[in-house]
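Colleague: Could you take me closely through one part of this model, the nonpolar interior, and then set it against its surroundings?

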Amino acid sequence: MSLLSRFKGLLRINHLERELDDELRSHIEMRTQDNLASGMSPDEARYDALRRFGNSTLMKEETRAMDIIGWIETTGQNLRYAARMLRRSPGFTLVAVLTLALGIGANVAIFTVVHAVLLQPLPFPHPEQLVRVYDDIRTSNTHDVGMSVPELWDLRDHSGVFQDISVLFPADANLTGGDHPERIEFLGTSPNYFTLLGARPQLGRVFSAADAQPGFTLGVVISDAFWHRTFGADPQVLGRKIRVDNDLYSIVGVMPPGFRHPGRTLGGDVDMWAAAGYSAAPFPTPVIRAARFLPGAMGRLKPGLTLAQAQAQLDSFVAQLARQFPDEYPAAAGWSLRLVPTQEDIVGNLRTELFVLFAAVAFVLLIACVNLANLLLARSASRRREIAIRLAVGAGRSRLVAQLLTESLLLATISGAAALLTVIWLKSSLLRFAPADLPRLNEVTLNPSVLLFAFCISILTGVFFGLAPALQTARAGQIIALREGSHGAGSSKHQLKFSRFLVASEIALSLVLLIGAGLLLRSFWHLLEVRPGFEPHHLVTAKIWLAVPNDPLEDPYRLPEKRAAFHQEILRRVSALPGVEQAALGNAASLPMDARHFQLPFAIENRALDSESTPVAEIASVAPTYFSVLKTPLISGRFFADSDDTKGQQVALIDETLARRYWPGSDAVGQRLRLGIRRNQASASQSPWLTIVGVVANIKSDGFDAASAPHIYRPLYQVPTYDGVVYLRTASDPGTLGEAVRAEVQRVDPTIPVFSVRSMDFVLATYLAERRFALNLIAVFATVALLLASIGIYGVMAYTFSRRTNEIGIRIAMGAQRTDILKIAFAEGAFLVGSGVLAGLLGSLALTRFLQSMLFDVKPSDPTTFAAIAALLAAVTLVACFIPARRATRVDPLIALRHE
Amino acid sequence: MGEVLLKPKNDVLQGTLALLILKTLARGEMHGYGITLHIQRVSSDVLRVEEGSLYPALHRMEQDGWISAEWGMSENNRRARYYRLTATGRKQLAEEEKNWARLTEAVASVLQFAQ
């Protein structure tokens, strides 16, 4: 009967009751009349009519059972009965609730994060229109090379794709004027940034078209966190002047607490937004197409335009530009623009990681369900008598199934509620385990979707683990039960087969999880074995930054010589600090394991530009002592010297990767290359040729699991940068040393901040910890799975042998040895384990390729891992089935024989 | 031969009761009492539909959409609920008749074989 008609029934229930009464009365009256006509006395006639109905209340009830009210009543009875049954076996209930709560809780917790990070739309109007625009050089497979100002203008005015487009220029800046200089996260944008996002300030105003300037606007917008941190949430903050990189800005607006820049930043949440036109100081002028100094842009697509349509339009626009400016866009480079939905862009690689975790917890829940289904099956054997009696007194089979199912649903709902409460209670502690770079963590909340998910998954769980055993029980309990049910031993062959199938699938599921964990573990081992190319122990680094004022004339470090002198002075001072063995300097790009590495194209002298792939390398500027402080060996040639300065010959060092790739088998020292590529060799803005003076060993600068990118090093004193990193080889504590460095730097120039003081050991530990997040979780889930599977197989084997006590007794009495009995047990266990492991291996083979992006130096189908984990699982589960078998062999044959 | 009580508790007869009701209603609309009388009369008093089973069966069939019901006036001007076959009910009847034929045929052949 459809649920709909049941509900209709509910609405009409009173009416129906009356109708039924009317109908029956009419029937009785007709019968009475006929009886009278056939000659009965009035009393007799009436009595006969009534008698034929039998128990008219019972019949009315049965008629009504067709309706919703009956359904609700039945469910109520079922629930009360289920609650009674659960209370009667508290041990079973506790185990079941704990197992399920663990499974459901893990799912709810991961779903909460997945929902916030992946599913929930960005908190902006029409978030689906927001895209990040990336410039790629296709032929050299270089992504995100940056954008030039004319390109930005073209996109804004002529591409026909965007409603609005804004530059994204993440930077950090020096905030001065407080107790000591502070480093803040700064985002350069276009004036339309906030209107593009559709974001409103909590105080003051955001930028508008009226703010448009070729250079930076003087009004800035600050974040809520920065407002609280630096201004104590002062409501009078509007109009306050702040000095950032020596320039004076005034605050025009404060964003609300929930506002977060939807994209990547350098180090953390954006503190301050400033708009610019990027076509006047401090930006390079005149604007030229080839100067791709804008890191990127974010756009809002025109309404109704799909991503694919927009990308197609953009592709033809790019082709048109390439025809128009063949010099800037040589076909060899393969310049192209790529649109990525902002929602995806923020999440990046974490998408896979989260989905893998989600899959892992789903597996744990499945295993928990299977285990519980088995437990219920075993229990049903002991409830057989009860069920047989209920069947015998006329309970319908469907009613019985409904009853048993109600029990599982009640169990699942209780567990779901327990899980939800635990997740709510532990939310903040759980979030602390998440990697810090997980985007949108601030949006993790327990919202209606999470509650709905928790509810649905509980119900599904209940049906999943309850339905099969309920059907089995009701079927098996039919005829034989009353006879053999009394000793609880007789379980049908069919039921045993089913519970064996459950155990085998449990083993298979656990194996998939374990293999996933094994692959991640192996990746992690490989990661630990990677030689980074430098000695991370006893190495402390600190960042410094020279301010870049908007007006170059106000810049005391405008001349490269001034900057070089500054660097030399800093290096002299920090080298003399107590506890420092040796010190070095480099620019921000020289810092290994940091996020700021860009690959730039370069050209080799006397070598034709390869039309297939433009050479690219990471470029860093370093002081002469850099390699000796990092303990990176020289392969050939020489290190930089103090004489490699602005007046000296233009030189460079290259690393082994680059030397091997472009000068295989020959010496690169003495060869020349230059940075940037330009078709037009006569161009005036051509960068100078650099003579290679040496080759150094590789440094893994992008993390251990990244491919070794080729490097070109320039002498810091020849190309002195505004950004800097101080390297100290020391055994001292980074904290106290950091203070000493800060004091020395600020003795040279009190406006320069010293920030991010860290030991390299710490950096590596953090880096590995992030990699370890998924590994840890999956390892925990896999262990739980292994445990559940072992319990499962133990339970089934124990049950099988308790059934066969009699048989074993006969065998032993007939002279069978214990080993013979064990052999039987082994054969049975081995078959179960074997089929489970086989299915698990096949499943893993199909599923582990989704792990690909999280693996390092291990194939998703790594045979060693597969074999080792399968052997481990087989061993553990076989032990679990030997324990009950051994117990069975210890039985005294006399007792065993009497055991029915 | 005695009386056979049609009670739905009995699995075989439950399907049979539905078949008999459907077949009876195939002649035209009829109230519950009329259905019992018809079955009893046509089966020469062998089959007696118990009232306690008839109404639950009628209501279930109504919920399943095989039959529909309407209040009307009986021959002797009594208010009664009249049941009528729906299109689904007609299909169901054809189905059940086929099943019944198959069943009886099967039973018959077993019985013949046993001779």
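What follows is a single connected reply, which begins with the interior and then turns to other parts.

Modeller: Please keep in mind throughout that this is a predicted model. As background, chain A has 900 residues, of which 40% are buried, and its secondary structure comes to 26 helices and 22 strands. Among the contacts in chain A with a separation of 6 or more, 82% are between residues 24 or more positions apart.

Turning to the interior itself, the largest nonpolar core has 98 residues, and A:V364 and A:A785 are those with the most contacts inside it. Helix 12 of chain A, which covers residues 350–382, contributes 19 residues, the largest share of this core. If neighbours within four places in sequence are left aside, A:V364 is in contact with A:G103, A:A106, A:F781, A:V784 and A:A785. Apart from this core lies another one, of 62 residues, which includes A:L539, A:A620, A:L673 and A:L728. In soluble globular proteins, nonpolar side chains tend to be buried together.

A single buried residue is also worth following, namely A:F640, which sits in the loop between strand 16 (634–637) and strand 17 (651–655) of chain A. A:F640 counts as buried because 26 other C-beta atoms lie within 10 Å, where 20 or more are required. Not counting residues up to four places away in sequence, A:F640 touches A:P624, A:L653 and A:P715. The C-alpha atoms of A:F640 and A:A623 are 7.3 Å apart, while the two residues are 17 apart in sequence.

As for helix packing, helix 18 (residues 560–575) and helix 21 (residues 734–748) of chain A have axes that come within 10 Å and cross at roughly 140°, and the crossing is right-handed. Helix 18 of chain A brings A:F566, A:E569, A:I570, A:R573 and A:V574 to the contact, and helix 21 of chain A brings A:V741, A:E744, A:V745 and A:V748. By class, the contact between helix 18 and helix 21 of chain A consists of six nonpolar and three charged residues, with no polar ones.

Chain B offers a sheet to set beside these helices: three strands form an open sheet in the order 2-5-4, with antiparallel pairing. Strand 2 (30–31) and strand 4 (67–73) of chain B stand at the edges with a single partner strand each, so one side of each is left without a neighbour in the sheet. Strand 2 of chain B is joined by two bridges to strand 5 (residues 79–85) of chain B, and the two run antiparallel; B:H31 has B:Y82 of strand 5 as its bridge partner.

Terms used: Residues are numbered from 1 along each chain as its sequence is written. Chains are lettered from A and ligands numbered from 1 in the order in which they are written. This is a predicted model: local features need pLDDT of at least 70, side-chain atom pairs count only at pLDDT 80 or more; totals for chains, interfaces and linings use all residues. Helices (H or I, at least four residues) and strands (E, at least two) are DSSP runs, numbered from the N terminus. A residue is buried if 20 or more other C-beta atoms lie within 10 Å of its own, exposed if 12 or fewer, and partly exposed in between; C-beta atoms are placed from the backbone. Two residues are in contact if their C-beta atoms, placed from the backbone, lie within 7 Å. Axes are lines fitted to C-alpha atoms, for helices over the stretch in contact, and angles run from 0 to 180 degrees between N-to-C directions. A crossing is left-handed if the near helix is turned anticlockwise from the far one by less than a right angle, and right-handed if clockwise. Ala, Val, Leu, Ile, Met, Phe, Trp, Tyr, Cys and Pro count as nonpolar, Asp, Glu, Lys and Arg as charged, and the others, Gly among them, as polar. Two strands pair if DSSP finds at least two bridges between them. A nonpolar core is a set of buried Ala, Val, Leu, Ile, Met, Phe, Trp, Tyr and Cys residues joined through C-beta atoms within 7 Å.
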